Amino acid sequence: MSERIVVVGFGPVAARLVEGLLPAVRRGSVSLMVLGQEAEAAYNRVMVAEFGVGRSTAEALAMADAAELIAEGVDVRLGVTVKRVDRARQRVVLSDGTTEGYERLVFATGARPVIPNLTGINPDPAHPVLPAGVTALRDLNDAGMLLRAVTARQRVVVLGGGVLGLETALAAADEGAQTTVVHSGPHPMGRNIDRGGGAVLNAALRSAGVSVVSNAVSTAVEHNGPDGTFSALVLDDGSRVEGDLLLLSCGVRPRIELAEGCGLPAAAGILVDHRLRTHHEPHMFAIGDCAEVRCADKSCPDCKGATAPSGLVGPGWRQAEWLAAYLETLAEDGQEAADSLPELAKEQPGVVVLKARGINLAVAGDNSAEPWDDMLCPSPDGLPHREVAQWADPGHGRYVKMTTRGGVLQGLVSVGMPRTAAELVVLFERGSELPADRSLLLRLDGTDQPAGANNDPARTVCRCAGVSGAAIEESVAGGCSSVPEVSKATRAGTGCGGCHDDIKAIIEKHFQGAVAA
């Protein structure tokens with residue numbers, strides 16, 4: 001008898017879970033239902049800005065085909081929402097008035113954009129009413145609004161200085177739109193980057209044609225444009241940032257309302273243990289942006305300092321792959337066999353990469369320390385001495401900062417130094433020691449260094465899907481000659497897209513060698 005699994009949500013993470021469960025569906029051990037709120041099947045939400053500036057298509061972003069899944073035996077319901085979960089009866093109540101039973105329920109509800117409380121916008125965070133010309137760029141419809149503005153070379157105002165807002169602003173400017181970034185701090189990416197890196201980033205944005213309004217507090221939106229469309233963002237000093245489209249990029253918030261409504265514990269996200277099971281309810285699971293991995297054991301070392309969901313697609317995909325294997329084993333071999341599987345591995349600190357033409361930025365870890373801090377104040381609790389190495393060339397848009405303890409990299413900022421950034425990211429992810437002479441890393445971007453000087457085949461090229469350079473090289477040697485072909489063969493490049501240039505470089509290097517031979 002097959003085990004009935006219901007997946008609530010059909011985004012990129014849910015798509016990976018469904019893909020992992022398909023073999024069990026084909027064998028008949030799992031009966032799978034997927035409930036998607038949007039009319040479209042799963043697509044790469046991280047890359048909707050690429051569609052919004054005309055660099056990609058909806059077809060290229062697609063991550064699942066509903067018709068193919070239905071043919072495989074998956075019950076796919078699109079354009080339907082779950083109104084309520086009845087835990088006692090193990091049933092979900094749907095917006096079309098029907099109810100469906102489950103034996104296992106997976107929350108893959110993702111996150112919703114944070115809508116700031118501004119005059120001119122309905123303040124209800126769950127159901128905000130956005131004026132015409134205002135969008136949060138979360139789905140394909142939102143991207144369509146941006147595409148129309150970019151095509152018409154209109155004025156695009158981006159509210160928020162995070163990485164996604166900057167990437168969109170840079171891409172829109174590169175495609176001919178007039179873009180302005182408005183943010184509350186002294187420099188963009190204030191939560192990730194230090195003052196020096198922020199200053200260099202600011203200059204790079206302006207050089208790329210993006211206007212930046214810093215230390216701004218927004219209070220209202222005006223919609224006095226044609227037919228009541230957006231016309232200006234009003235700041236607390238009375239000034240106005242005029243535009244034709246307002247793009248809200250103020251972060252996201254996990255969608256936990258459905259889980260909370262049926263009594264499940266939640267903090268920033270739905271609380272799950274190291275097997276992704278919700279607290280006190282072993283029949284229910286959560287993955288992706290809505291899941292917060294923090295078990296009920298207060299003494300658990302892995303959960304000390306646990307934070308909210310990362311908002312990155314890579315950790316969500318790893319959760320989906322692990323849970324697919326767990327649910328498959330559970331359905332086919334029983335609880336004891338499933339519980340004998342290793343627990344979900346703890347996620348390592350993430351690396352933030354700004355993906356834009358002409359700007360290279362990588363940041364990770366704690367970058368708050370300044371070079372002289374630990375010289376003035378000894379390290380607490382007997383920890384190894386903290387050292388900060390910093391180098392800046394603002395006139396040429398270059399900046400590097402390395403924070404170490406005992407020689408091991410704890411934080412990094414790199415702007416305008418692509419090879420140095422690539423090497424630092426590898427060292428950070430491996431927990432390796434830096435060379436005693438930190439300047440050796442800076443020399444990687446010297447003019448005397450050949451292209452690909454730090455191209456270690458074992459390094460992770462695609463952090464979202466966890467694909468190494470060696471795996472990509474193998475796929476290229478096997479006949480893949482384009483990024484889409486490599487993506488299909490290895491999954492590299494199917495997440496945030498930040499590795500596309502690296503994949504192209506590996507392809508070009510291979511075929512240059514073939515021509516030379």
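The exchange below asks how certain descriptions of this predicted model are justified.

Reader: What kind of model is this, and how are its residues numbered?

Author: This is a predicted model, in which local features need pLDDT of at least 70 and side-chain atom pairs count only at pLDDT 80 or more, while totals for chains, interfaces and linings use all residues. Residues are numbered from 1 along each chain as its sequence is written, and side-chain values use heavy atoms, with hydrogens and water left out.

Reader: What makes Phe285 and Tyr326 an aromatic pair, and why is the pair called edge-to-face?

Author: Rings of Phe, Tyr and Trp (the six-membered ring of Trp) pair if their centres lie within 6.5 Å, and planes under 30 degrees apart count as stacked, over 60 as edge-to-face and the rest as tilted. The centres of Phe285 and Tyr326 are 6.0 Å apart and their planes make 65°, so the two form a pair that is edge-to-face. This pair links distant parts of the chain, since Phe285 belongs to strand S20 (residues 281-286) and Tyr326 to helix H9 (residues 313-333), 41 residues apart. Helices (H or I, at least four residues) and strands (E, at least two) are DSSP runs, numbered from the N terminus.

Reader: Why is the pair of Trp322 and Tyr326 called stacked?

Author: With 5.1 Å from centre to centre and 15° between the planes, Trp322 and Tyr326 satisfy the distance limit and fall in the stacked class, so the pair is named accordingly. Trp322 and Tyr326 are 4 residues apart in helix H9, which means that about one helical turn separates them. Counted by this rule, there are 2 aromatic pairs, and Phe285, Trp322 and Tyr326 form one aromatic cluster.

Reader: How do you know whether Trp322 and Tyr326 are buried or exposed?

Author: Buried means under 20% relative accessible area, exposed over 50%, and partly exposed in between (1.4 Å probe, protein chains only). Trp322 has a relative accessible area of 13% and is therefore buried, and Tyr326, at 1%, is buried as well. Phe285 is also buried.

Reader: What makes Arg16 a charge over the ring of Trp317?

Author: A charge sits over a ring if NZ of Lys or CZ of Arg is within 6 Å of the ring centre and within 35 degrees of the ring normal. Arg16 lies over the face of Trp317 at 4.1 Å from the ring centre, so the distance condition is met.

Reader: Why are helices H1 and H9 called roughly parallel?

Author: Axes are lines fitted to C-alpha atoms, for helices over the stretch in contact, and angles run from 0 to 180 degrees between N-to-C directions. Angles under 35 degrees count as roughly parallel, over 145 as roughly antiparallel, 65 to 115 as roughly perpendicular and the rest as oblique. The axes of helix H1 (residues 12-27) and H9 come within 8 Å and cross at roughly 20°, and H1 and H9 are therefore roughly parallel to each other. Residues of H1 that meet H9, including Arg16, Leu17 and Gly20, face a set in H9 that includes Trp317, Ala320 and Leu323.

Reader: Why does the pair of helices H14 and H15 count as roughly perpendicular?

Author: Helix H14 (residues 469-477) and H15 pack at an angle of about 115°, with their axes 10 Å apart, and H14 and H15 are therefore roughly perpendicular to each other. Their contact, which means heavy atoms within 4.5 Å, is made by Ala471, Ile472, Ser475 and Val476 of H14 and by Val486, Ala489 and Thr490 of H15.

Reader: How do you know which class of accessibility Thr229 and Asp227 belong to?

Author: Thr229 is found in the loop between strand S13 (218-222) and strand S14 (232-235), and its relative accessibility of 23% lies in the middle range, so Thr229 counts as partly exposed. Asp227 is found in the loop between S13 and S14, and at 80% it counts as exposed because that value is over 50%. Asp227 has a positive phi of about 60° although it is not a glycine. The C-alpha atoms of Thr229 and Ala132 are separated by 4.7 Å, although these residues are 97 residues apart along the chain.

Reader: What makes Thr278 buried?

Author: Thr278, found in strand S19 (residues 277-278), has a relative accessibility of 4% and therefore counts as buried. Not counting residues up to four places away in sequence, Thr278 touches Leu264, Ile270, Leu271, Val272, Met284 and Phe285.
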